[in-house]
Amino acid sequence: MNYNVRGENIEVTPAIRDYVEKKISKLERYFTEAPEAKVNVNLRFNQDKTSKVEVTIPLPNLVLRAEETNVDMYAGIDLISDKLERQIRKHKTKVNRKFREKGDFPITFATSENTEAVDHDEEDLELVRTKRFDLKPMDSEEAILQMNLLGHSFYVFNNSETNRTNVVYKRKDGRYGLIETH
């Protein structure tokens, strides 16, 4: 994996770069071949003495992404590594099983010795409720109002300007985001 480590309000020292590469490279054990991926790491030091670590690993047919805010940057990097590891474990058995039946898949996960943890993760993916509703045409401002009225963190709607399905969502910083479909 190729690493692109950037720092905002902080100088990326060789020690920080080595620690990031050491922690993230441990994820390679989950693949049969080391993926040709460009790992993007953003390290930000905030004025309130916290640091934010963001890691994005784009792979064929899968994007691994995690972010963590912590007082200790090294602890944040450790937590990111754990989050990415959980994401891979959740995907690997499902992907391997599905594509073993249908044919080749560009990402081949290594088999695990610990199948109990994998089985437990699959149970977490159980679909327990399905909702059906008609999408009302509206603009994004009206969708945000509807979302807030319902007390939800996201709202699916048909954008009246583009006639496409969109999603508005509440971000961790309290502002709003919009997801548009193509």
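Lys 23 offers a convenient way into this predicted model: the residue sits in helix H1. A lysine might be looked for on the surface or in the interior, and here the computed value settles the matter. The relative accessible area of Lys 23 is 17%, so the residue counts as buried, the cut-off being under 20%. Beyond the neighbours within four places in sequence, Lys 23 is in contact with Ile 77, Asp 78 and Ser 81. These three partners can be placed in the chain as well, since helix H2 covers residues 73–102.

Helix H1 itself, made up of residues 14–25, lies across S1, S2 and S3. Relative to S1, the helix runs at about 135°. The sheet beneath this description is an open one of four strands, arranged in the order S1-S2-S3-S4 with mixed pairing. Strand S1 (2–8) and strand S4 (62–70) are at the edges, each pairing on one side only. From one strand to the next, the twist averages 10°. Inside the sheet, strand S2 (residues 38–45) and strand S3 (residues 51–59) are antiparallel partners joined over six bridges. One of the residues involved is Asn 42, whose bridge partner in S3 is Glu 54.

Helix and sheet meet again in the nonpolar interior. The largest nonpolar core has 25 residues, and those with the most contacts inside it are Ile 24, Val 55, Ile 57 and Leu 84. Two or more residues of this core come from each of S1, H1, S2, S3, S4 and H2. Helix H2 gives the largest share, five residues. Ile 57 shows how widely a single core residue can reach along the chain: leaving out residues up to four places away in sequence, Ile 57 touches Met 1, Ile 24, Leu 27, Ala 37, Lys 38, Val 39, Leu 62, Val 63, Leu 64 and Leu 84. A second core is separate and has seven residues, among them Met 138, Met 147, Phe 157 and Val 168.

The chain as a whole can now be put around these details. It contains four helices and eight strands, which follow one another from the N terminus as β-α-β-β-β-α-α-β-α-β-β-β. Of the 182 residues in the chain, 31% are buried. Among contacts with a separation of 6 or more, 38% link residues 24 or more positions apart. The chain exposes about 12,400 Å², and carbon and sulfur atoms supply 47% of that area.

Conventions:
Residues are numbered from 1 along each chain as its sequence is written. This is a predicted model: local features need pLDDT of at least 70, side-chain atom pairs count only at pLDDT 80 or more; totals for chains, interfaces and linings use all residues. Side-chain values use heavy atoms; hydrogens and water are left out. Two strands pair if DSSP finds at least two bridges between them. Axes are lines fitted to C-alpha atoms, for helices over the stretch in contact, and angles run from 0 to 180 degrees between N-to-C directions. Contact means heavy atoms within 4.5 Å. Buried means under 20% relative accessible area, exposed over 50%, partly exposed in between (1.4 Å probe, protein chains only). Accessible areas come from the Shrake-Rupley method with a 1.4 Å probe; for residues, only the protein chains shown count as cover. A nonpolar core is a set of buried Ala, Val, Leu, Ile, Met, Phe, Trp, Tyr and Cys residues joined through side-chain atoms within 4.5 Å.
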